[in-house]
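Trainee: I would like a close look at one part of this model. Please take me through its enclosed space, and then set that part in the context of the chain.

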Amino acid sequence: PPEVSFIFQINDNETFVKKSSTLLPYLNELFATDAVAGFEYFVDKFPTKNPKIIISGHQTADKTVLLFSTKIDERTFRELLSTLRIDSRNYISFEDAKIYTFGTHFKRFNFTYQNNIFSASEEIELLKKSMVQLRHPRNLLSNKDFMHLYKMVEKNEKQNWLILNSRQYFANIPDKLASQYKQNFNIDKSLSSWSAYQIHLSDNELKLTGFSLDDGTFFQKFDEQPAAKGTPSFLMPLNCNYYISFRVPDKNQFIKQYSENNSAASSTAINQYKALSPSATYYFSLSDDSIAYHYLIAKVDTNSIKTEALLGANQTPDSIIYYSKNSIYKSNLTDFNDLLSSFHHKASLRYFIKQEEYYIFSDSPVSLEYYLKSLATGTIDNNQQYKFSKSGLPTESNYEVFFYSEKPETISQYFIESETTSNVVKGLSVFSLSFSAPQDGLVPTYVYIKFR
């Protein structure tokens, strides 16, 4: 059925089963995979070893239900009925086909065979819907956006794939977030409609490498931008648990794309951006007990963007604040957050310090003093989880997210109370993501997730 949330295309079932075993508590919550063991019971009865399997996830009223499909011949199906000791006359008739039931692994499965396809699901209504869909000319294969990605998936018959209907899969995420974070996660056309990833599972890690469709407005900001290397980790304090980076080396192209694709573009924000003309920006936060400070690091051409041009009105040498051999200046800028993303707290540009070719902005001298104090204790390079994250992502990208949860409380603050006991929230250690500029309608995308 076309309203699918996700699809696993399993080309190497043996590897998938073996590698996913240690991640099952998390995969169960993310993809309702607790039913997979029951599907595998059927697979073990087939004479064909390592068959190609499709497992799709569909959202019902209150849960996600899986649909399992694979190709077998009629003789294999008859042998399956015999092996399971199912009376071939004991079935439900539907659409000129037969639906059988079988219980295993504490679940009851409904299954059928038509057009050389074996299909099974816990939910009989989903199975019936797929049976009707099989005969319908308009299905996912008639969706040009889906097929643009799926043609690439079909060419690789060795790897296991995860295909996400992103807008469908993430639609309920805002309902799980704490109220103050809901606005940072808007499910609309800013997201890609479809993404496809090769799956790499190992112990407590999940790596996804693939592509997203370039049909989300968020990606348009990076059109024709060359990928760039490097995160200024020497400017990221050790207690930095997340950052978001934007690398747009061609500033004029970025402004052109933004203005053309945003009819309500703020001329003030654009002018603020032009005044600084950063080739890369990095948002991050630091916490001091219950206080959160927000920062923006801007990489600029310091030969053309002088400190004096950024100073606030009536700035005098006496108004400069000195802390630990650093000068804290008042800025004439406010913010240009909306040009980049809503997926972070807004960072004020009221005050700044300069480090080599970077300007570090925040909303007060106090927050910048805390930043310098934190930086003196060590940098994010000394965080082993950060090293894991970087090893799972490409060295060049245009957009990158890093999030590190030292303890469950770090991430639980983002969710409503009922979600804080989930295995994913309690177990997530690292989440990182990066993508590069679109190429031929596809956005190279990488995801790295590590659990405790």
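How many cavities of 30 Å³ or more does a search of the whole structure find?

Mentor: One. Keep in mind that this is a predicted model. The largest cavity holds about 50 Å³ of space. Its lining is made up of Phe8, Phe16, Leu27, Phe31, Leu162, Ile199, Leu201, Leu206 and Leu208. Three elements give two or more residues each to that lining: α2 (24–31), β9 (194–202) and β10 (205–213). By class, the lining has nine nonpolar residues, no polar ones and no charged ones. In soluble globular proteins, nonpolar side chains tend to be buried together.

Now follow α2 into the loop beyond. Ala32 sits there, between α2 and α3 (36–43). Ala32 is not a glycine, yet it has a positive phi of about 55°. Ala32 counts as buried because its relative accessible area is 14%, under the 20% cut-off. Compare Ser324, in the loop between β15 (321–323) and β16 (326–330). Ser324 also has a positive phi, about 50°, and is not a glycine either. Ser324 is exposed, however, with a relative accessible area of 54%.

Next, the open space. The second largest pocket contains about 950 Å³. It is lined by 27 residues, and those closest to its centre are Ile54, Ser69, Ile117, Leu134 and Leu141. Several elements each supply at least two lining residues: β1 (6–10), β2 (53–59), β3 (64–71), β7 (117–121), α5 (124–134) and α6 (144–155). This lining is mixed in class, with 14 nonpolar, 10 polar and three charged residues. The cavity lining, again, has no polar and no charged residues.

Then the packing. The largest nonpolar core has 82 residues. Within this core, Phe111, Phe118, Leu276 and Phe361 touch the most other members. Take Phe118 and set aside its neighbours within four places in sequence. Phe118 is then in contact with Phe42, Phe46, Phe68, Ser69, Thr70, Ile72, Phe77, Leu80, Phe111, Thr112 and Tyr113. Ser69 in that list is also one of the residues closest to the centre of the second largest pocket. A second, separate core has 28 residues, including Tyr243, Leu286, Leu393 and Tyr448.

Phe111 leads on to another residue, Leu81. Leu81 lies in helix α4 (residues 74–83). Beyond its neighbours within four places in sequence, Leu81 is in contact with Ile86, Ser88, Tyr100 and Phe111. Its relative accessibility is 7%, so Leu81 counts as buried. For a sense of distance, look from Leu81 to Pro249. These two are 168 residues apart along the chain, and their C-alpha atoms are separated by 62 Å.

Last, the whole chain. The C-alpha trace spans about 95 × 40 × 35 Å along its principal axes. There are 16 helices and 22 strands. Of the 452 residues, 51% count as buried. The accessible surface comes to about 21900 Å², and carbon and sulfur atoms account for 48% of it. Among contacts with a separation of 6 or more, 67% come from residues 24 or more positions apart.

Methods: Residues numbered from 1 in each chain as written. Predicted model: local features only at pLDDT ≥ 70, side-chain atom pairs only at ≥ 80, totals over all residues. Heavy atoms only, no water. 1 Å grid on protein atoms, 1.4 Å probe; cavity = no way out; pocket = protein on both sides within 12 Å on 5 of 7 lines; lining within 4 Å. Points joined across faces, edges and corners; volume = space filled by probe spheres on them. Helix = DSSP H or I, 4+ residues; strand = E, 2+ residues; numbered from the N terminus. Nonpolar A, V, L, I, M, F, W, Y, C, P; charged D, E, K, R; others polar. Core = buried A, V, L, I, M, F, W, Y, C linked by side-chain atoms within 4.5 Å. Buried < 20%, exposed > 50% of the residue type's maximum accessible area, 1.4 Å probe, protein only. Contact = heavy atoms within 4.5 Å. Areas by Shrake-Rupley, 256 points an atom, 1.4 Å probe, with all protein chains shown as cover.
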